[in-house]
Amino acid sequence: MSATDATRSQPLGRPIRGPSAVGGDWRRLLHLTRLLAVTDFKLRFFGSVLGYVWQVMHPLLLFGVLYVVFTEVVPLGEDVRFYPVALLSGLVMFVFLSESTSQSVQSLVEREPIVRKIQFPRLAVPLSIVLTALFRMGLNLLVVFAFLFASGGQVMLSWLELPLILGLLIVLAAGLAALLSALFVHFRDVKPIWDVLLQVIFYASPIFYPITIVTNDQLRAILMCNPFAALIQQFRHAVIDPSHPSAAEAIGGAPRLIIPLGLIVLIAVVGFTYFDRKAPRIAEEL
Amino acid sequence: MTDAEIPAIVVDDVVKRFQVPGERVMTLKERALHPLRKTSRHELTAVDHVSFSVTPGEFFGVVGRNGSGKSTLLKCLAGIYAVDGGRMFANGRMSTFIELGVGFNMELPARENVIINATMLGLSPRRARERLDAVLEFAELEEFADLRLKNYSSGMLVRLAFAVMIQVDADILLIDEVLAVGDAAFQQKCYDEFARLRQEGRTVILVTHDMAAVERFCDRALLLEHGRPVMLGDPHEVGLRYMELNFAREGDDAEQEARRESDRFGDGRAEILEAWFEDADGERVAALPSRARCSFVARARFSEDVQDPILGFALQNADQQTVLAASTLSLGPELGSFRAGEEVTLRIAFDNVFRPDRYFATPAIAHAGTGFAWIDRRERLVDLVVTGSSRTDAIIDLPCDVTIAREALDRPPSEVPG
């Protein structure tokens, strides 16, 4: 009954490999990622009248609270130009990071029905979560720009940095999403751990406070080693107003930027490598 | 297979093992607290060195009992599980149907779900949109295209899912028991589609335990048991073997043996040593095709002298209806005298006209007279599985000659309406 003897002399066709992260077919990965993300997005607002409004409500409400607290109660940003817009932009970026990672954690387990029933590039699952969060960040950024113009901001040449900043943010979020979703298959306490870490990231990043409030140079440099903090700071410098110190200034010299940039690359490499290693067995270990 | 023809599917010595966790470390905390603890696991070999190849256009069946590894094999072929050994090759676009309607979302309308499902099964989103109308038409659900799936009846859902599966244009289809769903009319529709797939020359691998479907559609079939290939070949013969495997095992265990001992009556002047069924060639069998000639054979030994005993047997079906009773009374009431220590072999040949079912034979030896003074009677000592594709409701399946004579009409045929 051995097929080998009869067929060894012939080409055997395409080898069937087991499941993998990418599956050797980038287009299918993209199609599926987009399909899952669009479906998710539709579902979330299906049947709600206000649809898009709810979309921007979440960061806006948080923004409102923080705005009142930090302008009226604890004035942190009095001497900062466009403090409200800076605050909102930080929030929008944080909401993206938080949504794309914390929802990715359980994504493979939640998608079990399809993971166990069809062959598809496994990476589509966490990436679709990142893509959904990206749609929402896109909508939220429109609000940020609306506020910016309303408070007197202007178009600047440095806006050209925007794609790079957002690109790095997406790479960071996607790397984390891949890592966390694959880890969760084995270790179910990844979820509470990550929820706490997100809180740490929130307070350790200059979201509701301007980085200039940290006067200790060393401490500021350490804070700016956090790649997310560096991205927020550069966004403010390049997009909102040049009076915000750039990431390089805040960390104390451009060469030091190698640390946050290196961390982004490291997280992405570790995340995708780990996911790739785990991908073939995810279906049977859920 | 000619040299020029590349097989549609090649499975070469494939092995798939599962780690069955004993005490699984599921949290980082436990891992941190007990870094050196070996997780106790044992391995389960679900697919054990299976090899076969399927030629293009072949309808190939994979059969086996629950847990025989047939679905695991399909998932390996589909690329859902990574294998632990061996190689597999496919030649052509492959689509998997382990479940109908993968990715269906109840909150979304049918239109969207068709595109989701078709994309998941391997079409590009554009092709999926192009196919939308054909799918809805096949499912006869055009009017309900914008209805959310949660408002669909289960029958409509199945129709929609099956329609997508037919329309995704795969060269090789891997199908896992999807026919277990739906009403009779729908199943017929599925069967019709199978027939069409066959005619179109698509390659199909069907995993099922419905032997009727296998015999009806498959060109060849593979029988798996405990992950190992038992038989590969003609579906009918594989079907017979499957029936044997299915029913043979229950006879082996000790409990059954004990029950048999307790179902034994008689004064013990003779002992029925063993009994079995034989086919027309004199081979002992546990399963027999319907309508074949066969024999019931029993061997007995007398421990005392007995005058004119009666030897016979009764055959009951699974509903405990006696379908056949035969004995040496047919030879006449006086069989003569048997001496202590004498061994006899009783052979009763008959045409197996019984419908496919499981049958039990009760051999008995009785004293002359009423026939109820048992010397030895062993209740349901052996069983026989009758196989076949006939679907009669009758207890027996007698061969019949059916003819129909039609009288010519006076009117010319052109006036017959329709």
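In the predicted model, B:Leu28 is partly exposed, because its relative accessible area of 30% falls between the 20% limit for buried residues and the 50% limit for exposed ones. The residue is placed in helix H1 of chain B, which covers residues 28-33. B:Leu28 belongs to a nonpolar patch on the surface, together with A:Ile193, A:Val196, A:Leu197 and A:Val200. The accessible area of these residues together is about 390 Å². Helix H9 of chain A, residues 190-204, gives the most to this patch, with four residues.

Chain A contains 14 helices and one strand. The C-alpha trace of this chain spans about 80 × 50 × 40 Å along its principal axes. Of the 286 residues in chain A, 53% are buried.

A second surface patch carries positive charge. It is formed by A:Arg27, A:Arg34, B:Arg126 and B:Arg129. Two helices each supply at least two residues of the positive patch, namely helix H2 (26-45) of chain A and helix H4 (125-139) of chain B. B:Arg129 is located in helix H4 of chain B.

Helix H4 of chain B also holds a salt bridge. B:Arg127 pairs with B:Glu130, and the closest N and O atoms are 4.0 Å apart. Both residues of this pair lie in helix H4, separated by three residues, or about one turn of the helix. B:Arg127 is partly exposed, because its relative accessibility is 35%, whereas B:Glu130 is exposed, with a relative accessible area of 52%.

Over all chains, the salt bridges number 30. One of them joins the side chains of B:Arg17 and B:Glu43, with an N to O distance of 3.9 Å. B:Arg17 belongs to strand E1 (residues 9-21) and B:Glu43 to strand E2 (residues 41-54) of chain B, so this salt bridge ties together parts that are 26 residues apart in sequence. Both partners count as partly exposed, since the relative accessible area is 30% for B:Arg17 and the relative accessibility is 48% for B:Glu43.

A further salt bridge is formed by B:Arg301 and B:Glu343, whose closest N and O atoms are 3.4 Å apart. This pair links distant parts of the chain, as B:Arg301 lies in strand E14 (residues 293-302) and B:Glu343 in strand E19 (residues 343-351) of chain B, 42 residues apart. B:Arg301 is partly exposed at 34% relative accessibility, and B:Glu343 is likewise partly exposed, with a relative accessible area of 42%. The two residues are also members of one network, in which salt bridges that share partners join B:Glu274, B:Arg284, B:Arg299, B:Arg301 and B:Glu343.

A buried acidic residue of chain B was also examined. B:Glu379 sits in the loop between strand E21 (374-378) and strand E22 (382-387) of chain B. B:Glu379 counts as buried because its relative accessibility is 17%, which is under the 20% limit. The side chain of B:Glu379 is joined to that of B:Arg377 by a polar contact of 3.1 Å. Between the C-alpha atoms of B:Glu379 and B:Phe59 the separation is 43 Å, and these two residues are 320 residues apart along the chain.

Methods: Residues numbered from 1 in each chain as written. Chains lettered and ligands numbered in written order. Predicted model: local features only at pLDDT ≥ 70, side-chain atom pairs only at ≥ 80, totals over all residues. Heavy atoms only, no water. Patch = residues over 30% accessible without salt bridge, like charges linked within 9 Å, V, L, I, M, F, W, Y side chains within 5 Å. Areas by Shrake-Rupley, 256 points an atom, 1.4 Å probe, with all protein chains shown as cover. Lys, Arg positive; Asp, Glu negative; His and termini not counted. Charge placed at Lys NZ, Arg CZ, Asp CG, Glu CD. Buried < 20%, exposed > 50% of the residue type's maximum accessible area, 1.4 Å probe, protein only. Polar contact = N/O pair within 3.5 Å; in protein donor to acceptor, adjacent residues only side chain to side chain.
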